[in-house]
Amino acid sequence: MNHPYTFDPLPEPAAAPGEFSFAAVGLDHGHIYGMADGLIGAGATAKWVFDADADKAASFAKRYPTARVASSEQQILDDPEVRLVATAAIPSERAAVALRAIEAGKDAFVDKAPLTSFEQLAAAREATARTGRKYAVYYGERLHTESSILAGQLIERGAIGRVLQVVSFGPHRIGGGRPGWFYDPAQYGGILCDIGSHNFDQILFYTGATDGRIVSSTVANYAHPDTPGLQDFGDAHVVLDNGASGYVRVDWFTPEGLGVFGDGRTIILGTDGYIELRKYIDITTENGGGQVLLVNQEGQYRFDANGMTGFPYFGQLIRDCLDGTENAMTQAHAFKAAELSLQAQTSAEVLAP
């Protein structure tokens with residue numbers, strides 16, 4: 001069905017060659033490659049990489065030939081050409097990497113979960129307020145999926161009226177070969193802190209809220225007794241400061257029969273319609289991921305978002321770092337999504353297996 005909407009133009013590179021250099025420090029999670037791809041696609045140059053595991057650093061440098069393997073993190077921090085340090089270290093160690101970068105006069109780009117304790121959150125807020133540097137967060141389930149970006153443009157154009165509720169599902173598959181920290185809540189932060197941070201980001205963004213309170217939350221280890229530190233299920237209900245609400249459900253129960261790591265979906269209810277995102281797969285069809293379904297007063301619409309939006313966040317982040325602006329994501333938003341995740345995690349009722 002034809003639709004009446006026009007969308008934003010695809011983003012252009014935000015920096016000239018050599019204008020914006022970044023380094024990668026801490027490669028414990030594969031998200032570092034998505035972070036680097038996004039930055040490079042927006043015009044950045046990977047100059048350095050460092051990890052205590054030399055093989056990981058070498059693999060990164062092989063994929064991004066402009067990146068040299070540093071002998072230490074300090075070598076990177078001492079390089080005035082490095083504008084931003086990206087990290088996907090073990091979640092409990094990400095804040096320390098980011099804060100060292102900020103104290104060295106650089107901006108930080110941190111994988112989700114961006115931190116794992118209220119003490120780290122307080123330190124990050126203090127450092128950014130004092131220095132003016134950025135503690136940017138890679139909430140990739142919104143920032144690096146075109147279906148999520150297209151949904152934001154539809155909401156901005158009034159396609160479903162005022163947003164009343166966001167329901168966000170984040171199922172994942174454990175797979176094999178996970179490192180030890182993956183099963184240690186002191187290191188990964190708990191399932192609502194870790195995976196759930198993606199979902200709280202989406203809830204805040206689509207509702208336009210700036211704050212909220214956790215009404216209820218639960219976590220469980222239902223089916224993995226051999227790894228008691230793993231939380232394989234979590235959910236939370238949040239009420240926002242503008243009267244909207246949100247629900248998060250995250251889990252590690254993706255069955256082997258699914259062709260992707262998880263059937264991530266988001267349902268956004270508005271006063272004049274609703275949107276459903278089928279981000280990674282449209283089960284039983286050949287449509288693939290990136291599907292956006294819209295129903296409103298005018299009709300029913302399906303969009304294949306692939307190739308429609310690009311990933312504007314990365315170029316906006318580069319310009320924010322260069323220009324001192326705040327267009328990619330406000331620092332307040334980045335921290336509030338993390339804070340709600342921590343509140344949901346620390347207040348969660350632990351369900352019996």
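How many strands form the open sheet, and in what order do they lie? Nine strands make it up, in the order E14-E13-E12-E11-E7-E10-E9-E8-E15, with mixed pairing. Please keep in mind that this is a predicted model. Below is a friendly tour of the sheet, the helices on it, a UniProt-listed domain and two pockets.

**The sheet**

- The two edges of the sheet are strand E14 (299-304) and strand E15 (349-351), and each of these pairs on one side only.
- From one strand to the next, the twist averages 10°.
- Within the sheet, strand E7 (residues 163-171) and strand E11 (residues 265-270) run antiparallel and are joined by six bridges.
- If you would like a residue pair to look up, take Gln-165, whose bridge partner in E11 is Leu-269.

**Helices on the sheet**

- Helix H10 (residues 196-207) packs on the sheet, where it touches E7, strand E8 (212-220), strand E9 (233-240), strand E10 (245-251), E11 and strand E12 (273-278).
- The direction of H10 makes about 160° with that of E7.
- Helix H12 (residues 331-346) lies across E8 and E9, and runs at about 50° to E8.

**The UniProt-listed domain**

- In an unreviewed entry, UniProt lists residues 48-139 as "domain: Gfo/Idh/MocA-like oxidoreductase N-terminal".
- Over residues 48-139, the chain is 46% helix and 22% strand.
- The C-alpha atoms at the ends of residues 48-139 are 23 Å apart.

**The largest pocket**

- The largest pocket holds about 650 Å³ of space.
- Its lining has 31 residues, and those closest to the centre are Arg-142, Phe-205, Gln-316, Asn-327 and Ala-328.
- Two or more lining residues come from each of helix H6 (140-143), helix H7 (146-156), H10, helix H11 (312-323) and H12.
- H7 gives the largest share of this lining, with six residues.
- H10 and H12 thus appear twice in this tour: both contribute to the lining of the largest pocket, while H10 also packs on the sheet and H12 lies across E8 and E9.
- By class, the lining of the largest pocket has 15 nonpolar, ten polar and six charged residues.

**The second largest pocket**

- The volume of the second largest pocket is about 420 Å³.
- Of the 21 residues that line the second largest pocket, His-29, His-31, His-172, His-198 and Phe-261 lie nearest its centre.
- Helix H4 (91-103) and H6 each give at least two residues to the lining of the second largest pocket.
- This lining divides into eight nonpolar, seven polar and six charged residues.

Technical notes:
Residues numbered from 1 in each chain as written. Predicted model: local features only at pLDDT ≥ 70, side-chain atom pairs only at ≥ 80, totals over all residues. Heavy atoms only, no water. Pairing = 2+ DSSP bridges. Helix = DSSP H or I, 4+ residues; strand = E, 2+ residues; numbered from the N terminus. Axes fitted to C-alpha atoms, helices over the stretch in contact; angles between N-to-C directions. Contact = heavy atoms within 4.5 Å. UniProt positions renumbered as here; feature names shortened; annotations may be inferred. 1 Å grid on protein atoms, 1.4 Å probe; cavity = no way out; pocket = protein on both sides within 12 Å on 5 of 7 lines; lining within 4 Å. Points joined across faces, edges and corners; volume = space filled by probe spheres on them. Nonpolar A, V, L, I, M, F, W, Y, C, P; charged D, E, K, R; others polar.
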